[in-house]
Amino acid sequence: MGQHLAATLFTASDQARYRHRIHRCLEAFGRMVTEGRFAADEPSTGVEIELALVDEDMRPAMLNHAVLDRSASDVLTSELGRWNLEINLPPRMLPGATARDLEKDMLDAVSSAGECARGVGASAVTIGILPTLGAEHLASDQLTEDPRYALLNRQMLTARGEPFRLDITEPPAARGGPSDGSPAEHLVLDVDSIAPEAACTSLQLHLQLTPETFPAYWNAAQAIAGLQVALAANSPFLLGRRLWAETRVPLFTQAVDTRPVELRNQGVRPRVWFGDRWAQSAYDLFEENVRYFGALLPLAEDEDPFSELDAGRAPSLHELRLHNGTVWRWNRPVYDVADGVAHLRLENRVLPAGPTAIDAVANAMFFYGLIRALAESDRPPWQQMSFDAAEANFTAGARHGIDAALYWPGIGTVRADELALRRMLPLAREGLAAWGVDGSEADRYLSVIEERCVRRCTGAAWQIRAVSEAERRGADRPTAIRHMMRAYLEGMEANEPVHTWPGI
């Protein structure tokens, strides 16, 4: 999706040509898997982090192009909403002290974006959902001025045939259960664009793999997705309502749901998708994307992938890559070509942005260490638990955050923080050692996760407490949220882990 799209109208002929070509791409990909036409297995990682821009009142600042005009950074780019930016940090290997370098690079990039933002009267903030967004910011005229976004918006609205509906209710247990007497907060809103997707600002982690190693690592990532989102939740507010601990999950699912009610009732899969089975091969995941989802952007090119393979070159597989970018799996398989060599990557899309660089890198290192340990274990969890249990964990983690009750083989159902402390942190440490990460670096970042669990304070928990305290003192909800956001921005810029932030 990182390309400019010139076409604006698609005919039946375009659709038929694209369908033919995407199946040719899929066949070529299968041949490449069989023949081992991919880069070697190296612990190469990549990180993307999305930012929101706010004005001095902590409201969205529609200034992303103005900020980019002031920036000389080659890692900063625009995103879907006019209040969004994205940082793409360069790939790096895991061994040694790479994590400390990653934290520094992330700090420098966010700081540079913030400095450019201040030049136009704004600030840059890393947060899962900007809680000061209003319904007026979720209209099509708030999308970044870019032909690809306008085209995608039109195609998705056409596919759905009616406005997108947001319908999210706060889980009662998040407020201490129904016995506290307060009604669950509820958001219902119809929108005429995919702009709500821009409200979902995330941290995306990449890991280069081979076709042989990919299934185990993808399965491991799926198995821990619920724990990931529970321990990193940072999106409790949307349009002034307190909803899920990680409201980004239902919001993203609904914001690009091209299914009308009839198709949902028939069991048609949503384009934001957890999946429905453990993977046997990377090919299966790409094939499912083609089989289950229609083309949104049927833009075909002239390259013959088999001619490229016969010539000893890595084909671009343009149509397959474009289609893959319009199916938003929480753990997405990615095909790419760099320096003439084909690469296969796992893209983990579970995590929200923020709260700080050290929190984000801690989340990343926990992920990389844990999936290494699980993928290479003698009896991995996907041989002991159903896929439905992994998906139920994911939903529970997003709903309840660190309070979520999660199932794990050999333990049963246990609270997320207890699962991390008793089982997962030691495994993550073993996995980082296997990657060759320095012990002191592993300790620095895994201790952040450990203390977050001990103090039971995620970004979402801190936001909720800060807003509740301001309301207790007499502030209304909008004022309380703005007060919380000012303190949040201070904590983010200080780069102290969120569990150490003072109450307000």
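This is a short walk through one predicted protein model, from the whole chain down to single residues.

Start with the overall picture. The protein chain carries 17 helices and 15 strands. Its radius of gyration is 22 Å, and the globule rule gives 23 Å for 504 residues, so the chain is as compact as a globular protein of that length. Along the principal axes, the C-alpha trace spans about 70 × 50 × 50 Å.

Now burial and contacts. Of the 504 residues, 60% are buried. Take the contacts between residues at least 6 apart in sequence: 75% of them join residues at least 24 apart. The surface comes next. The chain exposes about 19000 Å². Carbon and sulfur atoms supply 48% of that area.

Charges, quickly. There are 50 positive side chains and 69 negative ones. The centres of the two sets lie 4 Å apart.

On to one helix, α14, residues 416-435. Where does α14 bend? The bend is at M424, by about 50°. A proline, P426, follows within four residues. Several α14 residues are buried, among them A416, D417, M424, L425 and W435. What do the buried residues of α14 pack against? Three of the partners are helices: α6, α12 (357-375) and α15 (439-455). The others are strands: β7 (202-209), β14 (405-408) and β15 (412-415). After α14 comes G436, with a positive phi near 90°.

Stay with α6 for a moment, since the buried side of α14 packs against it. Helix α6 covers residues 214-232, and Q222 lies in it. Is Q222 buried or exposed? Its relative accessible area is 0%, so Q222 is buried; the cut-off for that is under 20%. Leave out residues up to four places away in sequence, and Q222 touches F274, W278, N331, F387 and A390.

Next, backbone geometry. As background, most residues other than glycine have a negative phi, and most peptide bonds are trans. This model has some exceptions to show you.

First stop, D339. D339 is not a glycine, yet its phi is positive, about 55°. D339 sits in the loop between β12 (331-338) and β13 (341-352). Relative accessibility there is 82%, so D339 counts as exposed, given a cut-off of over 50%. A314 is 25 residues away along the chain, and the two C-alpha atoms are separated by 9.7 Å.

Second stop, R456. R456 also has a positive phi of about 55°, and R456 is not a glycine either. Its loop runs between α15 and α16 (459-472). How exposed is R456? At 24% relative accessibility, R456 counts as partly exposed.

Third stop, a peptide bond. Which residues does the cis bond join? G354 and P355, with omega about -5°. P355 is placed in the loop between β13 and α12. Recall α12: the buried residues of α14 pack against that helix too.

To recap the local points. Q222 is buried in α6. Helix α14 bends at M424. D339 and R456 have positive phi. G354 and P355 share a cis peptide bond. That's my tour; over to you.

Notes. Residues are numbered from 1 along each chain as its sequence is written. This is a predicted model: local features need pLDDT of at least 70, side-chain atom pairs count only at pLDDT 80 or more; totals for chains, interfaces and linings use all residues. Side-chain values use heavy atoms; hydrogens and water are left out. Helices (H or I, at least four residues) and strands (E, at least two) are DSSP runs, numbered from the N terminus. Buried means under 20% relative accessible area, exposed over 50%, partly exposed in between (1.4 Å probe, protein chains only). Contact means heavy atoms within 4.5 Å. The bend at a residue is the angle between axes fitted to the seven residues ending there and the seven starting there. The radius of gyration is taken over C-alpha atoms; the globule rule is 2.2 Å times the number of residues to the power 0.38. Accessible areas come from the Shrake-Rupley method with a 1.4 Å probe; for residues, only the protein chains shown count as cover. Lys and Arg count as positive and Asp and Glu as negative; His and the chain ends are not counted. The place of a charge is taken as NZ of Lys, CZ of Arg, CG of Asp or CD of Glu.
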